[in-house]
Amino acid sequence: LQVPELEKATVRIRQPERVREIIRSLRTQGVDKLQVISDFDMTLSRFGCNGRRCPTSHNILDTSRVISEDGKKKLKDLLHYYYPIEIDPSRTLEEKCPLMVEWWTKAHELLVQQKIHKSDIAQIVRESEAMLRDGFKEFFDQLHKNNVPLFIFSAGVGDILEEIIRQADVFHSNVNVVSNYMDFNDDGVLTHFKGPLIHTYNKNNTVLQGTGYFQQLSTRTSIILLGDSMGDLTMADGVPSVENILKIGFLNDKVEERRGKYLDSYDIVLESDETLDVVNGILRYILTE
């Protein structure tokens, strides 16, 4: 198995033999069977840069010049209240879900009050510190060149993340996004967010019903899944028949504390790795004749 990137110091694998087996199968099944399902924030985008945290698509909006000081303060208060709940290992999903809905709903309501203009989005992204992970160009281009569908499933803000990909010049025709999209009136002012609401812990069948996305891909039974949270593990649940799935998890934060849980759930765990090197190495191996 020729994937030298798996030897990187950032890579942790609990069952190396099994992982090699899956990667071999993905290659044997061939490019026509493959699709990639990925989270966006802190998975395709960087977690940190130069010792600072990089912004998520929500952060980019929340801290931008189109939000009033009062709005910024209220959004920050929501974050400080709800984020610890989101990552609290001692709480169940049943407890977390309604609270996440509450957080996202309140945040979206605050954003709507700001009368954001559609025409501001490109500039907001340009002025932000958003960064895609190193190797993003190879990642997007390899998939596009081989006609491999890339499905981005995000609890962030669809308009912002699409703009990030567009400005990076990698928004190819094989990319599909399901996320929280803004709805603007005829004057281009944000009036509400389109449903269904997607938060960290409902990235599964429930919000995909009616998108028809997976139906058209029913022959794509080989999956590479990329995520950075426990909620991302269910992103492939809508795929009708999965033959092979390789789950790659970016462990960005609280590494020691969360390592065990990630190793139990993801096939490959990348610790504090700001690149797509490992993913690109695996894709190169699968996609080369």
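Visitor: What does salt bridge mean here, and how many are there by this rule?
Guide: A salt bridge is a side-chain nitrogen of Lys or Arg within 4 Å of a carboxyl oxygen of Asp or Glu. This is a predicted model, where local features need pLDDT of at least 70, side-chain atom pairs count only at pLDDT 80 or more, and totals for chains, interfaces and linings use all residues. Residues are numbered from 1 along each chain as its sequence is written, and side-chain values use heavy atoms, leaving out hydrogens and water. By this rule the count is 26.

Visitor: Asp120 has no salt bridge, so which side chain of opposite charge is nearest, and how far away is it?
Guide: Asp120 sits in the loop between α4 (93-113) and α5 (121-127), with helices being DSSP runs of H or I, at least four residues, and strands runs of E, at least two, numbered from the N terminus. Asp120 is buried, meaning under 20% relative accessible area, where exposed is over 50% and partly exposed is in between (1.4 Å probe, protein chains only). Lys and Arg count as positive and Asp and Glu as negative, with His and the chain ends not counted. The nearest side chain of opposite charge is Arg65, at 4.4 Å.

Visitor: Which residue does Arg20 meet in a salt bridge?
Guide: Arg20 counts as partly exposed because its relative accessibility is 31%. Its partner also lies in helix α1, three residues apart, about one turn of the helix. At 3.0 Å, N to O, the partner is Glu17.

Visitor: And Arg18, which residue does that one pair with?
Guide: Arg18 is partly exposed, at 41% relative accessible area. The salt bridge is 2.7 Å, N to O, and the partner is Asp267. The pair links distant parts of the chain, with Arg18 in helix α1 and the partner in the loop between α9 (255-265) and β11 (268-271), 249 residues apart. So the buried partner, with a relative accessible area of 11%, is Asp267.

Visitor: How many residues apart in sequence are the parts that Arg46 and Glu274 tie together?
Guide: Their side chains meet in a salt bridge at 3.9 Å, N to O, and both Arg46 and Glu274 are buried. Arg46 is in the loop between β2 (34-38) and β3 (48-49), and Glu274 in the loop between β11 and α10, so the parts are apart in sequence by 228 residues.

Visitor: At what angle do α1 and α10 pack?
Guide: Helix α1 (residues 16-29) and helix α10 (residues 277-287) have their axes 8 Å apart. Axes are lines fitted to C-alpha atoms, for helices over the stretch in contact, and angles run from 0 to 180 degrees between N-to-C directions. The angle is about 45 degrees.
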